[in-house]
Amino acid sequence: MVVVGIESTAHTASVGVVDESARVLAVASDMYRPPRGGIHPREAANHHVELFPGLVTRALEEAHARPTEVDAVAFAQGPGLGPCLRAGATVARTLALVWDRPLVPVNHCVAHLEIARAMSGLDDPLLLYTSGGNTQVIAYGSGRYRVLGETLDIGIGNFLDKLWIELGGTFPGGPALEAEAKLGQELLALPYSVHGMDVAFSGMLTAALAQSARGAARTDLAYSVETTAYAMLTEVTERALAHRRKEAVVLGGGVACNERLRGMVRAMAEGRGAAMFAPERRMCVDNGAMIAWTGYLALGEGLSVPIEASGIEPRQRTDRVGAPWRRAGTAGA
Ligand code: AMP
Ligand code: MG
């Protein structure tokens, strides 16, 4: 069984190919990088429209798969930026029609969790999902994935990107701030915003920019922002592990590439006797393989849709879609 997955929720256009044992046969991706400022959805979508034909060809070549050998086409239905989602959905519909194969819609956040589950071999982990637009703690319970905690304002990645751009850098800010943070020496006071299981970052953004205006070194700012923000995420993840009695945590999303975040969550998990797994970087960031794999799982439950019912859902919530393929595994109620 070979499934092609199309990812286009935000800045990354990606085509992945997987088989029935979650072997990644190919990933062909291209990330839209705005010359300055943040992502403009329309411009990112134009990038995707231009790049997708080449990415499909590249992915099939890399997978040594002919179109006739593809069994299904999956696509990220949401959540994401409308114009970007539409670009990917159009490609997926076209391929499904031309190849005469089932079309399978996939929730992007669930896909991050499923690929981490497949790569780690962990049956029922909690997911700390930290990306540009999303920051959520997710766990399976009673038929679907539940959001146990999330950001009340902006995603952690958007927060890091905005800060870095305001400090004079360019998108993406996360990796640049990580390098800068390694040189930091002083821990500056920043708001630590944990509200029950939820977190918030906009206050920290304002405070960090105020510190910068007062002359704080960029290295110290980066170090302090990472320390504070990742401690907040580690705290809510620990509480989720304890309350849901989960024995493992996996990471997903672009910010999960960060060594410091990985280290803090690992130390917390190990301290509790829980397992921690961070997928390789190309599987942390947005990619078509995770969509293909989740599409494969959904297809096994008959969750393909006719073209007319394949509309995008920019605000689709993790807990609005089912995960019936989990029934056979751990109940995890
Ligand atoms: P995603 O939306 O999941 O594709 O992830 C993109 C986000 O991940 C952007 O906001 C990046 O700044 C952020 N990111 C990527 N690498 C790192 C890193 N090493 N540390 C922190 N953030 C990162
Ligand atoms: Mg993502």
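**Figure 1. Serine 142 in the loop between strands S7 and S8.** Serine 142 is exposed, because its relative accessible area of 52% is over the 50% cut-off. The structure shown here and in the other views is a predicted model. Serine 142 sits between strand S7 (135-141) and strand S8 (144-150). The phi angle of this serine is near 50°, a positive value in a residue other than glycine. Most residues other than glycine have a negative phi.

**Figure 2. Arginine 245 in the loop between helix H7 and strand S11.** Arginine 245 has a positive phi of about 50°, although it is not a glycine. The loop that holds arginine 245 runs between helix H7 (218-244) and strand S11 (248-252). Is arginine 245 buried or exposed? Arginine 245 counts as exposed, because its relative accessibility is 73% and the cut-off for exposed is over 50%.

**Figure 3. Two cis peptide bonds that lead into prolines.** Most peptide bonds are trans. In this model, the bond that joins glycine 78 and proline 79 is cis, with omega at about -5°. Proline 79 is placed in the loop between strand S4 (72-78) and helix H2 (82-99). A cis bond also runs from phenylalanine 171 to proline 172, where omega is near -5°. Proline 172 belongs to the loop between H4 and H5.

**Figure 4. The shell of residues around ligand 1.** There are 18 residues around ligand 1, and Gly132, Asp161, Gly174, Glu178 and Gly254 come nearest. Which helices each supply at least two residues of this shell? They are helix H4 (156-166) and helix H5 (173-181). The largest share, four residues, comes from H5. By type, the shell divides into six nonpolar, nine polar and three charged residues.

**Figure 5. Backbone contacts of ligand 1 with three glycines.** An oxygen atom of ligand 1 lies 2.9 Å from a polar backbone atom of glycine 132. For glycine 174, the distance from a polar backbone atom to an oxygen atom of the ligand is 2.9 Å. At glycine 254, a polar backbone atom is 2.8 Å from an oxygen atom of ligand 1. On its own, ligand 1 has 510 Å² of accessible area, and the protein covers 93% of it.

**Figure 6. The magnesium ion (ligand 2) and its donors.** Which residues coordinate the magnesium ion? The donors are His108 (NE2), His112 (NE2), Tyr129 (OH) and Asp286 (OD), at 2.1 to 2.4 Å. Along the sequence, these donor residues are spaced H-x3-H-x16-Y-x156-D. Histidine 108 and histidine 112 both belong to helix H3 (residues 108-120). They are four residues apart, about one turn of the helix. Both histidine 108 and histidine 112 are buried.

**Figure 7. Asparagine 107 and its side-chain contacts.** Asparagine 107 is part of strand S5 (residues 103-107). It counts as buried, because its relative accessibility is 5% and the cut-off for buried is under 20%. A polar atom of its side chain lies 3.0 Å from the backbone nitrogen of valine 110. The side chain of asparagine 107 also makes a polar contact of 3.2 Å with the side chain of glutamine 316.

**Figure 8. The stacked pair of phenylalanine 159 and phenylalanine 201.** A pair of aromatic rings is described by the distance of the centres and the angle of the planes. A search of the whole structure finds three aromatic pairs. In the pair shown here, the ring centres of phenylalanine 159 and phenylalanine 201 are 5.4 Å apart and the planes are at 15°, so the pair is stacked. The two residues are 42 residues apart and link distant parts of the chain. Phenylalanine 159 is in helix H4, while phenylalanine 201 is in the loop between strand S10 (198-199) and helix H6 (202-213). Both phenylalanines are buried.

**Figure 9. The stacked pair of tryptophan 293 and tyrosine 296.** The ring centres of tryptophan 293 and tyrosine 296 are 5.1 Å apart, with the planes at 20°, so this pair is stacked. Both residues lie in helix H10 (residues 288-299), three residues apart, about one turn of the helix. Tryptophan 293 is buried, with a relative accessible area of 10%. Tyrosine 296 has a relative accessible area of 22%, so it counts as partly exposed, in between the cut-offs of 20% and 50%.

Conventions: Residues numbered from 1 in each chain as written. Chains lettered and ligands numbered in written order. Predicted model: local features only at pLDDT ≥ 70, side-chain atom pairs only at ≥ 80, totals over all residues. Heavy atoms only, no water. Near = heavy atom within 4 Å. Polar contact = N/O pair within 3.5 Å; in protein donor to acceptor, adjacent residues only side chain to side chain. Areas by Shrake-Rupley, 256 points an atom, 1.4 Å probe, with all protein chains shown as cover. Nonpolar A, V, L, I, M, F, W, Y, C, P; charged D, E, K, R; others polar. Donors = N, O, S within 2.8 Å, 3.2 Å for Na, K, Ca; no water. Buried < 20%, exposed > 50% of the residue type's maximum accessible area, 1.4 Å probe, protein only. Phe/Tyr/Trp six-rings, centres within 6.5 Å; stacked < 30°, edge-to-face > 60°.
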